[in-house]
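Biologist: I'd like a close look at one part of this model, namely the main sheet and the core that goes with it. Please take me through that part step by step, and explain each term as you reach it.

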Amino acid sequence: MSVRIDRVVTSGTFSLDGGTWDVDNNVWIVGDDSEVVVIDAAHTAAPIIEAVGGRHVRGIVCTHGHNDHVTVAPELSTALDAPLYLHAADDVLWRQTHPAVVYTPIEDGQEIAVAGTDLRVLHTPGHSPGSCCLYLPEAGELFSGDTLFSGGPGATGRSYSDFPTIIGSIRDRLFALPPSTTVRTGHGDGTTIGTESPHLEEWIARGN
């Protein structure tokens, strides 16, 4: 299998609960020389469109509805003639940024075909109710959004987040994957399942 994974880093802000923070986001483009899926739609469309490079886009999948991950989703959808995907449990967050834009709901276990393989949707609530990861079993790759990072789980200190829920998602869904699985995160550097899984009890003790 010859799946190609490109990373685009875009910069902007994340806003929720009356606060705003500067953030750098990873946008992942997964496919081959003919077709791709775009994972997340952060901040600025132009560099994402440039990285797609004229390839057919099977879909733009938002790992969750926080504004920094969906900023330019409608713009990309129009420019790339591609459907938008989001878990419906994050509709309340999506509507804060794009109140009049329709997306296609995704569900746990759904498979999104690209480049002769399938990205499998894993519903992993906690960072937000509709947070999802995308798993590429044949390549041993996980696109974790803001559910799992190098060093711990995603933040759960803001509205619609819950620490016990994210711990359950990571323990039951992500740590069930092979330890060699590469984790490509929504922000910052990646990691592996095997690197992170020994630290679960530390995270629980540390708390939110």
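Modeller: Let's begin with contact, which means heavy atoms within 4.5 Å. This is a predicted model, so local features need pLDDT of at least 70 and side-chain atom pairs count only at pLDDT 80 or more, while totals for chains, interfaces and linings use all residues. Residues are numbered from 1 along each chain as its sequence is written, and side-chain values use heavy atoms, with hydrogens and water left out.

Start at Val38. Leaving out neighbours within four places in sequence, Val38 is in contact with Val27, Trp28, Ile29, Ile48, Val52, Val57, Gly59, Ile60 and Val61. Pick Val27 from that list and turn the view around. Val27 lies in strand 2 (residues 19-31); helices (H or I, at least four residues) and strands (E, at least two) are DSSP runs numbered from the N terminus. With the same kind of neighbours set aside, those within four places, Val27 touches Asp6, Arg7, Val8, Thr10, Val38, Ile39, Asp40, Ala42 and Ile48. Val27 counts as buried because its relative accessibility is 0% (buried is under 20% relative accessible area, exposed over 50%, partly exposed in between, with a 1.4 Å probe and protein chains only). Val27 also has Arg184 9.8 Å away, C-alpha to C-alpha, although 157 residues separate them in sequence.

Now step back to the sheet. The sheet is open, with six strands in the order 1-2-3-4-5-6 and mixed pairing; two strands pair if DSSP finds at least two bridges between them. Strand 1 (4-16) and strand 6 (104-106) are the edges, each pairing on one side only. On average, neighbouring strands of this sheet are turned by 25° against each other, direction ignored. Inside the sheet, strand 3 (residues 35-39) and strand 4 (residues 56-61) run parallel and are joined by five bridges. Here Val37 stands opposite Gly59 in strand 4. Helix 3 (residues 73-80) packs on the sheet, touching strand 4 and strand 5 (84-87), and its direction makes about 165° with that of strand 4. For such angles, axes are lines fitted to C-alpha atoms, for helices over the stretch in contact, and values run from 0 to 180 degrees between N-to-C directions.

What joins these pieces up? In soluble globular proteins, nonpolar side chains tend to be buried together. A nonpolar core is a set of buried Ala, Val, Leu, Ile, Met, Phe, Trp, Tyr and Cys residues joined through side-chain atoms within 4.5 Å. The largest one has 23 residues, of which Val38, Ile48, Val57, Ile60, Leu76 and Trp94 touch the most other members. Strand 2, strand 3, helix 1 (45-52), strand 4, helix 3 and strand 5 each supply at least two residues of this core. Apart from it lies another core, of 17 residues, including Trp28, Val30, Val37 and Leu136.

Finally, look at Trp94. Both Trp94 and Tyr103 are buried. Rings of Phe, Tyr and Trp (its six-membered ring) pair if their centres lie within 6.5 Å, and planes under 30 degrees apart are stacked, over 60 edge-to-face, the rest tilted. That rule gives four aromatic pairs. One of them is Trp94 with Tyr103, edge-to-face, at 5.4 Å centre to centre and 70° between the planes.
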